[in-house]
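Biologist: Please take a close look at one residue and the part of the fold around it. I would like a connected account rather than a list.

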Amino acid sequence: MYNGEELTIYFCQNCYDNNEPKGNGDPKNMQYIRGYIGGWGHGLSKCPYCQQDIVDLNFTHDDFIAIRTASNYNRQFLDAMIKLHDEDIIAYETKMAELRVKAKELESIKQEERKTKCPKCGCTEFTPLRKKWRLLTGFATNKVELVCNNCGYKMQPK
Ligand SMILES: [Zn+2]
Ligand SMILES: [Zn+2]
């Protein structure tokens, strides 16, 4: 759980090379984070799963989560962002600024979905229909419609 401290991400080569995801939780997430160890705080020196030496990536947990949300569990994208963080911090921060906004937007849509009910049929499952994302400004055009998964009714999120 995030407690206000900037948590770091560690890298375990052994877990990364091993195709068996470690830890408990959503299998999709376990596959996504395989080899990356987050949420353990600072000062970890051995992998909690395989006891091998690990490397502190100096990568914040918040960014790790934002990349996951914005890329929808895209493993290649995560690898590329971590590489970019190492090689070109300016390019990384530029890209990250965009991803943080996108992740926030997706998070709020998810929250909206949870509390929204379709006025026609009462269904609570929606698919967000999003208008164009503006790369230049980093801001969405903020027009998102929710489409009821049950009856197809379209509504604006409140
Ligand atoms: Zn490991
Ligand atoms: Zn409906």
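Modeller: Leaving aside neighbours within four places in sequence, Tyr10 is in contact with Ile37, Leu44, Ile54, Val55, Asp56 and Leu57. The model is a predicted one, and these contacts count C-beta atoms within 7 Å, placed from the backbone. One of the partners, Ile37, lies in β2 and stands opposite Tyr10. The strand β1 covers residues 8-11 and is joined to β2 by three bridges, the two running antiparallel. In general, strands of a sheet pair through backbone hydrogen bonds, in either a parallel or an antiparallel manner.

The sheet as a whole is open and has three strands in the order β2-β1-β3, with antiparallel pairing. Its edges are β2 (36-38) and β3 (55-60), each of which pairs on one side only. From one strand to the next, the twist averages 30°. Helix α3, residues 61-71, packs on this sheet and touches β1, β2 and β3. The direction of α3 makes about 70° with that of β3.

Tyr10 also belongs to the largest nonpolar core, which has 16 residues. Tyr10 is among the members that touch the most others, along with Ile9, Cys12, Ile37, Cys47, Ile54 and Ile67. Two of these, Ile37 and Ile54, also appear in the contact list of Tyr10. The elements giving two or more residues to the core are β1, β2 and α3. Of the elements, α3 gives the most, with four residues. As a general tendency, nonpolar side chains in soluble globular proteins are buried together.

Definitions and conventions
Residues are numbered from 1 along each chain as its sequence is written. Chains are lettered from A and ligands numbered from 1 in the order in which they are written. This is a predicted model: local features need pLDDT of at least 70, side-chain atom pairs count only at pLDDT 80 or more; totals for chains, interfaces and linings use all residues. Two strands pair if DSSP finds at least two bridges between them. Axes are lines fitted to C-alpha atoms, for helices over the stretch in contact, and angles run from 0 to 180 degrees between N-to-C directions. Two residues are in contact if their C-beta atoms, placed from the backbone, lie within 7 Å. A nonpolar core is a set of buried Ala, Val, Leu, Ile, Met, Phe, Trp, Tyr and Cys residues joined through C-beta atoms within 7 Å. A residue is buried if 20 or more other C-beta atoms lie within 10 Å of its own, exposed if 12 or fewer, and partly exposed in between; C-beta atoms are placed from the backbone.
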